[in-house]
Amino acid sequence: VDYRGYEVTVENFIRLLTGRVEAHTPRNKRLLSDDKSNIFIYMTGHGGEDFLKFQDSEEINSYDIADAMQQMWEKKRYREILFMIDTCQANTMFSKFYAPNVLSIGSSRKGENSYSHYHDRDIGASVIDRFTYYNLEFFESVDLSSKHTMADLISTYNTTLIGSHPGVRTDLFARKLEEVSGKEAVALLRSPSGRGTYLTDFFGAVQRVELTNEPFPIGRKRA
Amino acid sequence: MALGARLRALLARSSEPRTVISMHGERQVAVLSIALFLLIGLPLWWTTTRVYRAALPADAIHAFTPADPLRLPLVFHVDADAPLSAADALAVEQSAQILIETQRAPFADGEWRVRCEAAVRPGAAPDAPGHYTLRILTGAASSGVRVGADRSAAISVAQAASPRAVLAEAIAEIVAGEERRVRGQGALKYAPEYAVTLTLLNEDPVEGAVVDWDIEQALAAYMQPLVRAVQPLAKLALSSQVLYHGGPPPVTPLKADNLTYLTPDMLPHFVNSPSWNLASVDPISPMLNFVLFVPTLAAQPMRIMDEDQAARSGRKSAGSLPGSDAFLVSQWGGVAIANLPKGTRPGDRVVLSQDAMQRYMGLFITQLRQHLGVRSDIPLAPRRKSQAAKSAIDWVRVDLATDSGISGWEFDALLRQWLVRNRQTAITTLQSLMRLVDSLQNMVVMDEIKDQVDRSLRALHEIDDTLASRSAPRLGYLDAFTSAATALGLAEAAFFDPTMVSMLYFPDQHKFAIYMPFFLPVAVPLLAAIKKIFAERRRKPASSKKSD
């Protein structure tokens with residue numbers, strides 16, 4: 001965990017996203033991303049229309065996050081962002097986004113509450129929210145090599161079990177969420193929106209590798 | 001009740017006539033003086049609550065457009081037995097330029113234009129980036145180019161061919177290829193310093209051997225020359241460590257007859273273990289990690305191959321196994337697998353000597369070169385059979401720079417790629433900064449930001465000046481590179497300055513909520529009094545405004 005306790009403030013979050021941290025900030029408190037990085041942002045807590053509560057004393061609103069993402073885009077700090085939010089009226093938080101390549105998923109519509117899943121009687125508080133719980137339940141069934149797409153994840157959302165209507169915003173996202181196949185795939189293959197959006201694009205830290213077959217003949221005298 | 005009687009008396013009294021004090025002179029002065037203070041205070045409040053914004057040179061920043069081409073000259077010095085005359089040199093230059101124009105792909109909309117240009121001169125080349133020596137050998141069996149590791153090439157011209165044509169074509173192909181590379185996306189992002197960490201990762205020293213390596217000697221012999229060669233462009237800070245008990249990697253290798261193997265699909269998850277401490281203490285420099293992984297003895301020898309190769313590899317000896325033993329991880333670094341000699345028993349101490357390390361250093365250098373964007377077609381791509389019929393050049397051989405790891409041609413290619421990319425990024429950063437400052441009127445712009453922007457602009461203009469001066473005997477590529485790097489550093493420092501966090505969004509309701517408790521209790525009686533003044537003025541003419 002890089003930011004915890006009193007360090008979790010709206011200002012630190014915006015500074016982290018936009019990269020405007022103080023010069024002495026250590027490496028693990030910086031977002032060292034570039035134009036090839038995919039970023040996953042997950043927010044949860046108490047919230048409402050266009051805001052989310054931080055630390056019982058301040059709020060972050062959707063305009064701030066939208067502006068921060070636009071600045072990240074200008075400075076090429078991301079390739080794609082997956083923004084997931086689980087609060088009351090969560091869908092309003094991403095309604096103000098305007099930066100490209102952002103896929104947003106929220107737990108409830110405007111005017112709806114999000115509910116917690118399990119109330120632990122020993123602690124006396126709820127330990128997880130329903131939307132988050134059903135997301136994690138889906139992830140428990142996949143592993144690192146899976147070819148599941150975001151469309152698969154979204155299709156498992158059950159409004160009755162979750163208790164609210166999850167929303168997805170795809171108009172800013174260039175790629176299709178489901179796997180494309182057949183003729184459509186061949187046609188799209190040359191464009192950036194060619195393939196579907198796999199879960200491993202955002203989860204699981206899967207890297208791109210290339211085999212190195214021959215060592216460079218360093219130090220060998222030329223014949 | 002007494003209370004009831006008193007209430008009735010109170011209510012009855014409200015209908016009695018009351019004394020009303022008129023808005024006489026002194027009262028009017030009192031009211032209007034409060035209004036006057038408010039009027040004086042308004043501009044004072046406006047100026048004191050305004051944020052400090054230094055004026056940024058918007059025009060100078062927007063004067064850079066993608067359509068203005070950046071011209072990169074490449075000067076070829078021709079060295080032949082019969083010296084080249086100036087007229088011949090000019091003729092070759094012109095025919096090369098025509099060939100380059102035909103090979104140039106059209107510029108996309110909004111693409112930052114770069115034009116590589118060839119110049120041909122007789123005589124010897126100075127030892128500087130951008131100057132290349134071409135030696136012409138006539139009377140050969142076939143025409144071809146042998147590229148040397150320093151900035152030179154030997155062009156063999158067949159008996160039947162014309163030296164000028166072969167020369168022009170060779171030059172055109174080199175320059176056109178360079179332009180294509182510079183317009184593309186090859187190299188790693190520029191940073192003034194890279195933290196290159198080499199790690200010897202021993203999976204299991206208990207069931208395996210205790211491994212150590214002569215890393216300092218190996219680095220001095222094999223890596224330092226590369227670091228020194230790239231020094232003018234970027235600093236590669238080398239550090240090394242040995243990690244014991246690395247633990248098994250997140251992917252378990254598959255077993256074949258007497259080896260274990262990883263398939264290429266398993267590789268993307270290899271570098272994922274939380275117990276491998278590959279952190280860096282430097283907060284800013286980007287990292288490149290090169291890991292030499294020693295598997296536990298039970299899993300050795302380990303290679304990377306696919307299922308068919310594994311099935312066929314049953315009785316082969318360790319040296320001739322198919323597949324490979326290293327892979328590059330994009331944006332992160334690379335991994336090589338070290339298999340210990342066959343007779344090693346658990347608990348043995350094994351030291352990888354400098355000679356044993358030569359192969360692994362070679363693998364790491366290949367991966368490092370790939371990260372730096374050095375590709376196999378610098379400066380000329382090897383001939384394909386389909387091309388041979390159309391071109392005057394039949395064969396191409398490129399000598400690898402085995403002493404330093406990067407040849408003069410490759411160094412120049414890297415320099416030009418980074419120069420162009422840095423200049424572009426500096427300009428777009430400054431333009432984004434202007435857009436940001438304009439769109440957020442509430443944001444403070446300090447003087448030091450303006451200073452950084454001015455210096456960045458000066459450095460950008462210096463690049464153009466340095467590259468444009470043709471009359472100088474040496475091209476100023478290194479100076480231009482330094483200016484571009486400086487411009488980028490300053491532009492990014494200005495953009496990412498911690499004071500540039502915008503004031504948080506204030507909805508109008510918040511602004512009302514802050515100002516109302518101050519002004520409303522004063523404003524309401526004031527406005528009511530002013531209303532009464534005007535009402536009285538309208539009722540009575542001016543003569544009755546006498547104080548009493």
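Begin the tour by selecting strand S2 of chain A together with strand S3 (residues 51-54) of chain A, which are joined by 2 bridges and run antiparallel. What you have on screen is a predicted model, and every stop below is a place to look at within that model.

**Stop 1: the three-stranded sheet of chain A**

Within this pair, pick out Gly47(A), and you will find it standing opposite Leu52(A) of S3(A). Now add strand S4 of chain A to the selection, so that S3(A) can be seen joined to S4(A) by 4 bridges, with the two strands running antiparallel. Which residue of S4(A) is the bridge partner of Lys53(A)? Select Glu59(A) to see the partner in question. Between S3(A) and S4(A) the chain makes a hairpin with 3 residues between the strands, and in this hairpin Gln55(A) takes a positive phi near 60 degrees.

With the three strands shown together, you have an open sheet whose order is S2-S3-S4 in chain A and whose pairing is antiparallel. Strand S2 (47-48) and strand S4 (58-61) of chain A stand at the edges, and because each has a single partner strand, one side of each is left without a neighbour in the sheet. While looking at any strand, keep in mind that in a regular strand the side chains alternate between the two faces of the sheet.

Next, select helix H1 (residues 10-18) of chain A, which lies across S3 and S4 of chain A and runs at about 35 degrees to S4(A).

**Stop 2: chain A as a whole**

Zoom out until the whole of chain A is visible, with its 6 helices and 10 strands. Its C-alpha atoms fill a box of roughly 75 × 50 × 40 Å, taken along the principal axes. If you colour the chain by accessibility, 47% of its 223 residues count as buried, while the chain exposes about 11,900 Å², of which carbon and sulfur atoms supply 50%. Among the contacts in chain A with a separation of 6 or more, 61% are accounted for by residues 24 or more positions apart.

**Stop 3: a sheet with strands from both chains**

Now select the strands S10(A), S13(B), S14(B), S11(B), S6(B) and S8(B), which in this order form an open sheet of 6 strands with mixed pairing. At its edges are strand S10 (209-211) of chain A and strand S8 (235-243) of chain B, each of which pairs on one side only. Neighbouring strands of this sheet are turned by 15 degrees against each other on average, direction ignored.

Inside the sheet, select strand S6 (residues 193-202) of chain B and strand S11 (residues 287-294) of chain B, which run parallel and are joined by 8 bridges. Which residue in S11(B) is the bridge partner of Ala195(B)? The residue to select is Met287(B).

Helix H8 of chain B packs on this sheet, touching S10 of chain A as well as S6, S8, S11, S13 and S14 of chain B, and its direction makes about 150 degrees with that of S11(B). Helix H6 of chain B lies across S6 and S8 of chain B, running at about 155 degrees to S8(B).

**Stop 4: two helices that cross**

Keep helix H6 (residues 215-230) and helix H8 (residues 354-371) of chain B on screen, since their axes come within 10 Å and cross at roughly 35 degrees. The crossing of H6(B) and H8(B) is right-handed. Among the residues that make the contact are Ala218(B), Tyr222(B) and Leu226(B) of H6(B), and Met357(B), Met361(B) and Phe364(B) of H8(B). By class, the contact has 12 nonpolar, 3 polar and 1 charged residues.

**Stop 5: a second helix pair and one serine**

Move on to helix H10 (residues 408-439) of chain B, which packs with H11(B) at an angle of about 145 degrees, the axes being 11 Å apart. H10(B) passes H11(B) in a left-handed crossing. The residues making the contact include Leu430(B) of H10(B) and Ser456(B) of H11(B), and they divide into 11 nonpolar, 1 polar and 2 charged.

Finish by centring the view on Ser456(B), which lies in helix H11 (residues 447-468) of chain B. Is Ser456(B) buried or exposed? Ser456(B) counts as buried because its relative accessibility is 0%, and the cut-off for buried is under 20%. Leaving aside residues up to four places away in sequence, Ser456(B) touches Leu430(B), Ala487(B), Leu490(B) and Ala491(B). Lastly, select Glu492(B), whose C-alpha atom is separated by 9.5 Å from that of Ser456(B), although the two residues are 36 residues apart along the chain.

Technical notes
Residues numbered from 1 in each chain as written. Chains lettered and ligands numbered in written order. Predicted model: local features only at pLDDT ≥ 70, side-chain atom pairs only at ≥ 80, totals over all residues. Heavy atoms only, no water. Axes fitted to C-alpha atoms, helices over the stretch in contact; angles between N-to-C directions. Left-handed = near helix turned anticlockwise from the far one by under 90°. Contact = heavy atoms within 4.5 Å. Nonpolar A, V, L, I, M, F, W, Y, C, P; charged D, E, K, R; others polar. Buried < 20%, exposed > 50% of the residue type's maximum accessible area, 1.4 Å probe, protein only. Areas by Shrake-Rupley, 256 points an atom, 1.4 Å probe, with all protein chains shown as cover. Pairing = 2+ DSSP bridges.
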